[in-house]
Amino acid sequence: MGGIGKKRVKKRTHLKADPIQEAAIPKSMVIRSGASEVGRSLSLLTRDLRHMMEPHTAIRLKERKANKIKDYLTMAGPLGVTHLLVLSRTDNNANLRIIRAPRGPSLHFRIHEYMLNKDVRRLQKNPKSPTTEFLTPPLLVMNHFNQNSSKDSPHEALLTTTFQNMFPPISVQHTNINSVKRVLLLNRRDDGYIDLRHFIISTKPVGISRPIRHLLKGEKKDSDIPDLHNVRDISDYVLHGDGISGAASDSEIEEDATVEIDRPVPTKTEENLLSASQLLKPKQQAIKLIEIGPRMTLELIKITEDAMGGKVLYHSHVHKSKEEIKQQDNFHEQSRALKEKRKKEQDENVRRKRENKKRRKDQKKEGITSSNKNDDSGNEGSSAYSDTE
Amino acid sequence: MAKSQRSQIKNEDISFVSQEDDSSKKFVKDDSENSEEELEDLNSEDEFYQSNSSEDEIEEEVQESTIADDIADILNQQVTQTDEQDTPVLSLSKKSKKALRKSNAEKKDSKLRTSRRRERLRKEMVGRVTSVVAVNAETAKALFTHERELRRIARRGVVQLFNAVRTAQLQSSLNRENISGGRTAREQKVKELSKASFLDLIKSQ
């Protein structure tokens, strides 16, 4: 029963996280550039984005005005952070930058429009506050994004790959469908803008009419039993519902929104009502999406090779001819060569200074030995004087 | 006892007599005083009449002089008022002038502060949409259609993925029974099969 002094660990219940799998999960940080200088609205958007990126993000990260992007990039390695989402603002634009840590590339977006979570909540008649939905990562749905890299637009594949790699991949074997609680939609419009929407997934049983659903709901909770004192016959209630004469409600489930899900353990009522074959048949569930925000409309402006600066791979406004591109390549090549040359020189200087220091230390040791000899001669003189006395 | 009674009787008689004397004396004095006063009054009345007449004359003289001065002052004031176009009371009051200047300065400062704050908020809120307000019916319809389309795309994606995952898991459970070999090798083969079939499912859908 475990070693002496060790805490008891249940191997099958408390599963250890596989370090290899843990390292493969992408982690992110959502950062405000200049901390509180971006203003209150973007600070709230930062908080909403952190909730969206949960659970593999730093929720309670506190920036300081003195922090630079370089600080975060330096710490990204030890912490295992793979993506930085940096929010910044000028007088006319709000900007979002997605940096692949630690070496790049970096995608620069302009936030054309955005709505916060509380703005989206205000639009809805029955808003929902998520709680446990943030414990699992969202499902990523991308529409009109180009997978293949083409000669005309090589940046689109990079864009697609960057978004896909921000979230952990779905394991076909081990994914429990019920654990997928959220969906993140990225829709590319014809004019190039990217719409970002964030929904909660909720499922409801299908094939059951509303009156019967209300009755089944009352089975679990006494207070939910509908009021039937005006109903003369149960068939009237089942066929026509409570007061509404067969009018279809606007929340009727559409045809293509149903999903088959393994039936959970049947309740006693189901055991009594359904036959054995019906119990084994999978249950149909309807998918319903509830928006929780934030909403964003992004426009891709620039892609650079490095995390900060570097070669510009794509720019939506500035277009360069082949000669200009070649010139730019030469410039970057020369910059790299100059940097390497300087680094080599610095290394040489460091080595030389180290050798000089060692040599000076050796000389000091020789000096110490000579001074010891002088001391010995002094002692001999004193002893001779005492002998004469 | 008899002696004390006699002394008391004597005292009473004495006091009674003294009272009568006093009252009689007073009456006499009063009469004399009244007569004297009447004489004095007569004399004084004459004097008062003389003084009243003299005072009246003096008052008339004074009134004449004051009226002239007042008229002159009024005329002068009118002239000054028309020239300066300010009421003399307010123009000479330093306190009210200072207060007025101070309130003007405060008002200007407040207006400047408000405009500066509004400008800062406008810059901070760049790009933010707080509520969807449609100007006309067509705009409202377009916005609503766009949002519904986005929701439909998301739902279709979710449905496809759920169905694909479920089908893949079913197939893998079926395949697991048929594959031979050890437990580890079996798991590896099942993984490979499921991955390939999963990708095929997604592509087909």
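**From helix α5 to the chain interface**

In α5(A), the buried residues are H155(A), E156(A), A157(A), L159(A), T160(A), T162(A) and F163(A). That is seven of the 10 residues in α5(A), so this helix is mostly covered. The model is a predicted one. F163(A) makes a good starting point for a walk through it.

F163(A) has a relative accessible area of 5% and is buried. Which residues does F163(A) touch, not counting those up to four places away in sequence? They are I98(A), F109(A), L140(A), M142(A), F145(A), L186(A) and I194(A). Two of these contacts deserve a second look.

The search of the whole structure finds two aromatic pairs over all chains. In one, the ring centres of F109(A) and F163(A) are 6.0 Å apart. Their planes stand at 40 degrees, so the pair is tilted. The pair links distant parts of the chain: F109(A) belongs to strand β4 (residues 106-115) and F163(A) to helix α5 (residues 155-164), 54 residues apart. Both F109(A) and F163(A) are buried.

F163(A) also pairs with F145(A), this time edge-to-face. Here the centres are 6.2 Å apart and the planes meet at 80 degrees. F145(A) sits in the loop between β5 (139-143) and α5 of chain A, 18 residues from F163(A). With a relative accessible area of 12%, F145(A) is buried. The ring pairs join F109(A), F145(A) and F163(A) into a cluster. A charged side chain comes in as well: R188(A) lies over the face of F145(A), 6.0 Å from the ring centre.

Now widen the view to the nonpolar cores. The largest has 32 residues. L45(A), F109(A), I111(A), F163(A) and M296(A) have the most contacts inside it. Several elements of chain A give two or more residues to this core, among them β4, α5 and β10 (295-304). The largest share, five residues, comes from α2(A). Apart from this core lies another, of 18 residues. That second core includes L139(A) together with L150(B), A154(B) and V159(B).

L139(A) leads toward chain B. This residue lies in strand β5 of chain A. Is L139(A) buried or exposed? L139(A) is buried, with a relative accessible area of 6%. Leaving aside neighbours within four places in sequence, L139(A) is in contact with I170(A), V180(A), R182(A), V183(A) and L184(A), and also with V158(B) and L161(B). L139(A) and V180(A) are 41 residues apart in sequence, yet their C-alpha atoms are 6.9 Å apart in space.

The interface itself comes next. In total, 48 residues of chain A are in contact with 33 residues of chain B. The two chains bury about 3,600 Å² between them, with 60% of it on carbon and sulfur atoms. Charge is present here too. Side chains of opposite charge can pair when their charged atoms come close. Five salt bridges are found across the interface of chain A and chain B, and the structure holds 16 over all chains.

One interface bridge joins D119(A) and R128(B), at 3.2 Å from N to O. Another joins E291(A) and R151(B), with the closest N and O atoms 3.9 Å apart. This pair crosses from strand β9 (residues 283-291) of chain A to helix α4 (residues 137-178) of chain B. E291(A) counts as buried at 5% relative accessibility, whereas R151(B) is partly exposed at 27%. Both residues belong to a salt-bridge network that also contains R197(A), R295(A) and E147(B).

Other bridges stay within one chain. D191(A) pairs with R189(A), the closest N and O atoms being 3.5 Å apart. R189(A) is partly exposed, with a relative accessible area of 25%. In chain B, R113(B) bridges to D109(B) at 3.2 Å between the closest N and O atoms. These two are four residues apart in helix α3 (residues 94-124), so about one helical turn separates them.

Finally, the chains as wholes. Chain A contains 10 helices and 11 strands. Of its 389 residues, 31% count as buried. Among contacts in chain A between residues at least 6 apart in sequence, 66% join residues at least 24 apart. Chain B has five helices and zero strands, following the pattern α-α-α-α-α along the sequence. Buried residues make up 11% of the 205 residues in chain B.

Methods: Residues are numbered from 1 along each chain as its sequence is written. Chains are lettered from A and ligands numbered from 1 in the order in which they are written. This is a predicted model: local features need pLDDT of at least 70, side-chain atom pairs count only at pLDDT 80 or more; totals for chains, interfaces and linings use all residues. Side-chain values use heavy atoms; hydrogens and water are left out. Rings of Phe, Tyr and Trp (its six-membered ring) pair if their centres lie within 6.5 Å; planes under 30 degrees apart count as stacked, over 60 as edge-to-face and the rest as tilted. Buried means under 20% relative accessible area, exposed over 50%, partly exposed in between (1.4 Å probe, protein chains only). A charge sits over a ring if NZ of Lys or CZ of Arg is within 6 Å of the ring centre and within 35 degrees of the ring normal. A nonpolar core is a set of buried Ala, Val, Leu, Ile, Met, Phe, Trp, Tyr and Cys residues joined through side-chain atoms within 4.5 Å. Contact means heavy atoms within 4.5 Å. Buried area is the accessible area (1.4 Å probe) that two parts lose on being put together, summed over both. A salt bridge is a side-chain nitrogen of Lys or Arg within 4 Å of a carboxyl oxygen of Asp or Glu.
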